[in-house]
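Let's take a walk through a protein model together. Have the sequence and the 3D view ready, and look back at them as you read.

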Amino acid sequence: MRNVRSLEPFWWFLFAGGGTVAALLVTVHISVNLLVGVGLLGTDTLSYGRLSGLVANPIVKLYLLALFALPFFHAAHRLRGTIRDLGLHADRVVGFLCYSTAIVGSVWALAVLLGVP
Amino acid sequence: MDAQSGDALGRPVSAPSRPAAPPAFHRPVRPDWWLSGRYRSPSTQGTRAYLLFMLRELSSVVVALFLVFYLVQIARLSSGQGVYDAFVATLRSPVVVLFHLIALASAIYHAVTWWQLNGVVMVVRLGSSTVPPRQLVLGGYVLWAIASIAVCLILVGF
């Protein structure tokens, strides 16, 4: 197991980028889903044709990869710190698990985006 | 006859070893310290500040959980229209609506604290002058609004 602390600046960079992406972009995506959910927007807003057309665009794929991957690392970094703050002093193991989960999530996002034609 | 390898009686000696570093000491804290008043200090708003701190940290995890849900939603696109439409129909279920309400509250709380933090931790220099923290914070909110409107126009349509 590589000591995650030796990569601290790298994790911090992903944390900062993820925090900015989450602050800028996530509220609008939740809101659109929510408005469809409560019926203020029709389900045709998120219709199969429109959405698959959007996701087929390579720029949109890149946008979505950043939308998913960076906040995953942001959450991993904060969760690592919170677990330490709660009194569990196993930073190497916890950090490894948190960042590994974020890496798995990001690879999954990449696979999903490449899988949508 | 090597003076380095033995003592006066010829017994081998090892190099003086550094004492092992003692294990790091951690002052014991109760796991619920952020709910208790023991850590109140004059520089904070009492216990509430620690609770809000904890909520801020955990808001990032709630946002990540929403993104997992959203990733599944987009993954359904490659399973064909029937599967995708069935998933979008579940957005109407009360449990999913509640999940989105909690996620929205978390995302807004994250965004507000993030932009406020920018005014504290970021120093932006323009030429010889420094951008005032208030303007940095305001800039964050303006960017948030512009990004939200742009994404909304693309996602919902013009």
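Read along its sequence, chain B of this predicted model follows the pattern α-α-α-β-β-α. Counting the elements gives 4 helices and 2 strands in chain B. Of the 158 residues in this chain, 31% are buried. The accessible surface of chain B comes to about 10500 Å², and carbon and sulfur atoms account for 68% of that surface. You can also ask how far apart in sequence the touching residues of chain B are. Taking the contacts between residues at least 6 apart in sequence, 36% join residues at least 24 apart.

**Where the two chains meet**

How many residues of chain A are in contact with chain B? There are 55 of them, and they touch 53 residues of chain B. Together the two chains bury about 4800 Å² between them, with 76% of this area on carbon and sulfur atoms. On the chain A side, the residues that lose the most area to chain B are I30(A), Y48(A) and R78(A), which together make up 15% of what that side buries.

Polar links cross this boundary too. Between chain A and chain B there are 15 residue pairs in polar contact, counting pairs with both residues at pLDDT 80 or more. Which elements of chain A give two or more residues to the side that touches chain B? They are helix 1 (8–37), helix 2 (48–55), helix 3 (58–85) and helix 4 (91–115) of chain A. Helix 1 of chain A supplies the largest share, with 19 residues. Sorted by class, this side of chain A has 33 nonpolar, 19 polar and 3 charged residues.

**Salt bridges**

Now look for the charged pairs. Over all chains, the count comes to 5 salt bridges, and between chain A and chain B the count is 1. Here are three pairs to find in your view.

| Pair | Closest N to O distance |
|---|---|
| R78(A) and E57(B) | 3.4 Å |
| R80(A) and D91(A) | 2.9 Å |
| R56(B) and E57(B) | 2.8 Å |

Start with the pair that crosses between chains. The side chains of E57(B) and R78(A) meet in a salt bridge. This pair runs from E57(B) in helix 1 (residues 47–75) of chain B to R78(A) in helix 3 of chain A. Are these two partners buried or exposed? E57(B) counts as buried because its relative accessible area is 8%, under the 20% cut-off. R78(A) is buried as well, with a relative accessible area of 4%. Remember that R78(A) also appeared among the residues of chain A that lose the most area to chain B. E57(B) has a further partner in chain B, since its side chain also meets that of R56(B) in a salt bridge.

Next, move to the pair inside chain A. R80(A) forms a salt bridge with D91(A). Because R80(A) lies in helix 3 of chain A and D91(A) in helix 4 of chain A, the pair ties together parts that are 11 residues apart in sequence. Both R80(A) and D91(A) are buried. These two residues also belong to a wider group: E8(A), R80(A), R84(A) and D91(A) are linked in a network of salt bridges.

Technical notes:
Residues numbered from 1 in each chain as written. Chains lettered and ligands numbered in written order. Predicted model: local features only at pLDDT ≥ 70, side-chain atom pairs only at ≥ 80, totals over all residues. Heavy atoms only, no water. Contact = heavy atoms within 4.5 Å. Buried area = accessible area lost by both parts, 1.4 Å probe. Salt bridge = Lys/Arg side-chain N within 4 Å of Asp/Glu carboxyl O. Polar contact = N/O pair within 3.5 Å; in protein donor to acceptor, adjacent residues only side chain to side chain. Nonpolar A, V, L, I, M, F, W, Y, C, P; charged D, E, K, R; others polar. Buried < 20%, exposed > 50% of the residue type's maximum accessible area, 1.4 Å probe, protein only. Areas by Shrake-Rupley, 256 points an atom, 1.4 Å probe, with all protein chains shown as cover.
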